[in-house]
Amino acid sequence: MGANKFLNYIMKKYNKTKMEGKRVELNKLKPGDHFIFPTLYNGLIGELISVDNNATVKWLNHPDRPQGKKEIIAATSEAFKYNL
């Protein structure tokens with residue numbers, strides 16, 4: 001269990017190094033931009049596909065969904081822009 005906690009800690013620190021700027025709403029990003037929710041699943045990374053009233057995103061590392069699965073979430077969700 002100790003190794004798992006250490007690995008999660010290292011991944012959190014690594015993800016923080018790639019975050020850009022301050023927290024922004026998804027409707028402020030352009031399609032194709034990557035974003036991260038740092039507090040979900042030790043850093044949930046997604047790619048914005050389209051945005052209008054809702055945002056269509058593709059998850060890149062969601063533990064419960066297949067990689068590349070598209071999902072519709074609120075466009076006002078706040079995340080950090082992420083540099084892959």
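Two strands count as paired if DSSP finds at least two bridges between them. In this predicted model, Phe35 has Gly46 in E3 as its bridge partner.

## Confidence

The mean pLDDT of the chain is 86, and 99% of the residues score at least 70. Among the elements, helix H1 (residues 2-17) has the lowest mean pLDDT, 78, while E4 has the highest, 94.

## Sheet and helix

Six strands make up an open sheet in the order E1-E6-E2-E3-E4-E5, and the pairing is antiparallel. Strand E1 (19-25) and E5 are the edge strands, each pairing on one side only. From one strand to the next, the twist averages 45°. Helix H1 packs on this sheet and touches E1, strand E2 (34-37), strand E3 (44-51) and strand E6 (78-82). The direction of H1 makes about 85° with that of E1.

Strands of a sheet pair through backbone hydrogen bonds, in a parallel or an antiparallel way. Bridge counts for three of the pairings are as follows.

| Strand pair | Sense | Bridges |
|---|---|---|
| E2 and E3 | antiparallel | four |
| E3 and E4 | antiparallel | five |
| E4 and E5 | antiparallel | five |

Two of these pairings are hairpins. E2 and E3 form a hairpin with six residues between them, and Tyr41, in the turn, has a positive phi of about 50°. The hairpin of E3 and E4 has two residues between the strands. Val51 stands opposite Ala55 in E4. In the pairing of E4 with E5, Lys58 has Lys70 in E5 as its bridge partner.

## Aromatic residues

The structure holds three aromatic pairs. One of them joins Phe35 and Phe37 in an edge-to-face arrangement, 5.5 Å centre to centre with 80° between the planes. Phe35 has a relative accessible area of 0% and is therefore buried. Phe37 is also buried, because its relative accessible area is 11%, which falls under the 20% limit.

Phe35 also pairs edge-to-face with Trp59, at 6.0 Å centre to centre and 70° between the planes. This pair links distant parts of the chain, since Phe35 lies in strand E2 and Trp59 in strand E4, 24 residues apart. Both Phe35 and Trp59 are buried. Through ring pairs, Phe35, Phe37 and Trp59 are linked into a cluster.

## Strand E2 beside strand E6

His34 is found in strand E2. With a relative accessible area of 18%, His34 is buried. Neighbours within four places in sequence aside, His34 is in contact with Gly46, Glu47, Leu60, Phe80, Lys81, Tyr82 and Leu84.

Ala79 lies in strand E6. The relative accessibility of Ala79 is 1%, so the residue counts as buried. Its C-alpha atom is 5.2 Å from that of Phe37, although the two residues are 42 apart along the chain. Apart from neighbours within four places in sequence, Ala79 is in contact with Lys22, Arg23, Val24, Leu26, Phe35, Ile36 and Phe37. Two members of the aromatic cluster, Phe35 and Phe37, thus appear among the contacts of Ala79.

## The loop between E4 and E5

His62 lies in the loop between strand E4 (54-59) and strand E5 (70-74). Is His62 buried or exposed? His62 is buried, because its relative accessible area is 12% and the limit for a buried residue is under 20%.

The side chain of His62 makes polar approaches to the backbone of the loop. It reaches the backbone nitrogen of Asp64 at 3.0 Å. A polar atom of the same side chain lies 3.5 Å from the backbone nitrogen of Arg65. Not counting residues up to four places away in sequence, His62 touches Tyr41 and Leu44. Tyr41 is the residue with positive phi in the turn between E2 and E3, and Leu44 falls within strand E3 (44-51).

Technical notes: Residues numbered from 1 in each chain as written. Heavy atoms only, no water. Buried < 20%, exposed > 50% of the residue type's maximum accessible area, 1.4 Å probe, protein only. Polar contact = N/O pair within 3.5 Å; in protein donor to acceptor, adjacent residues only side chain to side chain. Contact = heavy atoms within 4.5 Å. pLDDT = per-residue confidence, 0-100. Axes fitted to C-alpha atoms, helices over the stretch in contact; angles between N-to-C directions. Phe/Tyr/Trp six-rings, centres within 6.5 Å; stacked < 30°, edge-to-face > 60°.
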